[in-house]
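Let's take a look around this protein together, stopping at a few spots along the way. Keep the 3D view open as you read.

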Amino acid sequence: MPIRSFTIRVPATSANIGPGFDVVGLSLSLHLTLTVTVGAHDSISPKITYSGEGADEVPLDAYKNLTTRVALYVLRCHNIAKFPVGLTIHCDNEIPFGRGLGSSGAAVIAGVILGSELGQLSLPVERLLDFALMVERHPDNVTAALVGGFVGSYLRELDGAATEAASVPLSEVLPEYPPDAGEEWGLNPPQPPLGIGHYVRFGWSESIKALAIIPRFELSTAKARGVLPLEYSRKDLVFNLQRLAVLTTALARNPPDPELIYEAMKDRVHQPYRKTLIPGLPEVTSNITPSTHPGLLGICLSGAGPTILALATGGYEAIANDAAAIFKTHGIEVDWKVLEIAGGSIVQRNP
């Protein structure tokens, strides 16, 4: 078999952006990069190496690693039972784990694209998204990671059969492989229905950058979702809907309006309930304002947190330092990065 190689690059993401809980996502200029070679050796077992964020905790077994498990799922849905012989994958990761910057969404998108490339399936973007949504059931992060930019997405209402297919437990989509699993184990996985998710890309002012203020502790999405209520008042839902309707247009305008955007990035659906998990969150989001920090447009929790996302046109260091000072009063150290809005996932096939 001739040797072939390619590179997959997937951006980090921030979800929610204030009022857009489970709806909007933003791609950011930190990346998960896979360098892949097929036919480089004679082993039937893939060889995986990893560098960067999370390098000391990511499984290097292809049947335990999230990205390669997703890739195998895509392959088996196309009647390709196993990885190609001589597969080597090096992952270089810039996205912190468990910080609200879409590390798991990036791993899932990398896996879906990896499966398409290994099987030479040429899956269109819409079908790649279907596979991603069978694994990651919330569309905001995976959609932004796949297509890039500032995007809104939703899950389509499906008919009965498709709803049942899309609701298959994750344990059946990505089964845990036992130590004695052979090549025939886990075949015939559930196929994703067509058109699970749909999205639209919003405009974005080129003057706006994203300042990520990253506390030095992890917060699992499951724990952050666990504190949310099952029901909301009409008043709180209307509050969020009003601001989301304004925000998606306001962030595209030049010059951006700080007063408009700051108010439009407020939220009553998830941030108030997560403040107990992130000491300092209420003070940061209320004390750092456009009037106290020129250049700031709006500030919110990034995804499930604990990262704080500040959208700004300048004054990044002052915003970051003052946020860091607030967190420090709670005994929490932070790192910060000024990020660009990134393009979507790309594949570079090497000659």
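Start with Ser-205, which you'll find in the loop between β6 (197-202) and β7 (209-215). Keep in mind that you're looking at a predicted model. Is Ser-205 buried or exposed? Its relative accessible area is 0%, and buried means under 20%, so Ser-205 counts as buried.

What does Ser-205 touch once you set aside residues up to four places away in sequence? The answer is Leu-251, Ala-252, Arg-253, Asn-254 and Pro-256. With one of these, Asn-254, Ser-205 also shares a polar contact between side chains, at 2.4 Å. The side chain of Ser-205 has a polar contact with the side chain of Ser-207 as well, this time at 2.8 Å.

Now hop over to His-293. This residue sits in another loop, the one between α11 (281-287) and β8 (296-301). His-293 has a relative accessibility of 8%, and since the cut-off for buried is under 20%, His-293 is buried. Leaving out neighbours within four places in sequence, you can see His-293 in contact with Ile-288, Ala-318, Ile-319 and Asp-322. Asp-322 also meets His-293 through a polar contact of 2.6 Å between their side chains. For a sense of scale, try Phe-97: its C-alpha atom is 29 Å from that of His-293, and the two residues are 196 residues apart along the chain.

Here are the side-chain polar contacts from both stops:

| Side chain | Partner side chain | Distance |
|---|---|---|
| Ser-205 | Ser-207 | 2.8 Å |
| Ser-205 | Asn-254 | 2.4 Å |
| His-293 | Asp-322 | 2.6 Å |

Last stop: the largest pocket. It holds about 690 Å³ of space. How many residues line the largest pocket? There are 30, and Ser-104, Glu-136, Asn-141, Thr-221 and Ala-222 are the ones nearest its centre.

Which parts of the chain build that lining? At least two residues come from each of β1 (4-16), β2 (20-38), α2 (103-118), α4 (139-147) and α7 (221-226). The largest share belongs to α2, which gives 4 residues. You can also think in domains: domain 1 (4-199) and domain 2 (203-339) each put at least three residues into the lining. Sorted by class, the lining is a mix of 10 nonpolar, 13 polar and 7 charged residues.

Terms used: Residues are numbered from 1 along each chain as its sequence is written. This is a predicted model: local features need pLDDT of at least 70, side-chain atom pairs count only at pLDDT 80 or more; totals for chains, interfaces and linings use all residues. Side-chain values use heavy atoms; hydrogens and water are left out. Buried means under 20% relative accessible area, exposed over 50%, partly exposed in between (1.4 Å probe, protein chains only). A polar contact is a pair of N or O atoms within 3.5 Å; within protein, one must be able to donate a hydrogen and the other to accept it, and residues adjacent in sequence count only if both atoms are side-chain atoms. Contact means heavy atoms within 4.5 Å. On a 1 Å grid over the protein atoms alone, a cavity is a set of points where a 1.4 Å probe fits but cannot get out, and a pocket is an open set with protein on both sides within 12 Å along at least five of seven lines; lining residues have an atom within 4 Å of a point. Grid points are joined across faces, edges and corners, and a volume is the space filled by probe spheres set on the points. Ala, Val, Leu, Ile, Met, Phe, Trp, Tyr, Cys and Pro count as nonpolar, Asp, Glu, Lys and Arg as charged, and the others, Gly among them, as polar. Domain bounds come from an automatic or database domain assignment.
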